[in-house]
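The following paragraphs lead through a predicted model. Please keep the sequence and the structure in view while reading.

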Amino acid sequence: MSRDVYEYAVIRVIPRIERGEQINVGVLLYCQPRGYLCARVELDAARLRALDPSADVSAVRRALTAYELACGEQPGPLAAEPLGGRFRWLTAPRSTIVQSGPVHAGLTADPDTELARLFDKLVRV
């Protein structure tokens, strides 16, 4: 079975940028040889509120949904971009409440399985 290079980044929420505290809420995975780009997110509202009781959970959920939508074929600002361009845009450094961490790489024979493995390892408590 052949394995291909993939890149991934953890999606995180930093409710109070000045404090730097964060929770991992998703994984973004891109595998260019297989034409694969997918984001999987799950927000634990109780963990978010533990870091910032005044956090706007609805706004954070909307921002996380934007990551998922940007990976699909839905009409939107990134729809015309190739998958690699979308991945680079989604992982570009920014100082917002929802952001991605550094990009890492690996090898996989099945991007869906790898995304699930990374999600369980890096996001789920």
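The largest pocket of this predicted model holds about 260 Å³ of space. Its lining comprises 19 residues, of which Ala66, Tyr67, Ala70, Leu78 and Trp89 are the closest to the centre of the pocket. Helices α2 and α3 each supply at least two residues of the lining, and α2 gives the most, with 5 residues. By character, the lining residues divide into 13 nonpolar, 4 polar and 2 charged.

One of these two helices, α3, spans residues 83-91, and its buried residues are Gly84, Arg86, Phe87, Leu90 and Thr91. Viewed down the axis of α3, these buried residues fall within an arc of 160°, and they therefore line one face of the helix. In an α-helix there are 3.6 residues a turn, so residues three or four places apart point the same way. The partners against which the buried residues of α3 pack are the strands β1 (4-13), β2 (23-31), β3 (36-41) and β4 (98-100), together with helix α2 (57-71).

These elements belong to a protein chain with 4 helices and 5 strands, arranged along the sequence in the pattern β-β-β-α-α-α-β-β-α. Among contacts in the chain with a separation of 6 or more, 65% are accounted for by residues 24 or more positions apart. Buried residues make up 42% of the 125 residues.

Turning to overall dimensions, the C-alpha trace spans about 45 × 30 × 20 Å along its principal axes. The radius of gyration of the protein chain is 15 Å, which agrees with the value near 14 Å that a compact globule of 125 residues would have.

Methods
Residues numbered from 1 in each chain as written. Predicted model: local features only at pLDDT ≥ 70, side-chain atom pairs only at ≥ 80, totals over all residues. Heavy atoms only, no water. Buried < 20%, exposed > 50% of the residue type's maximum accessible area, 1.4 Å probe, protein only. Arc of directions from axis to C-beta. Contact = heavy atoms within 4.5 Å. 1 Å grid on protein atoms, 1.4 Å probe; cavity = no way out; pocket = protein on both sides within 12 Å on 5 of 7 lines; lining within 4 Å. Points joined across faces, edges and corners; volume = space filled by probe spheres on them. Nonpolar A, V, L, I, M, F, W, Y, C, P; charged D, E, K, R; others polar. Rg over C-alpha atoms; globule rule 2.2 N^0.38 Å.
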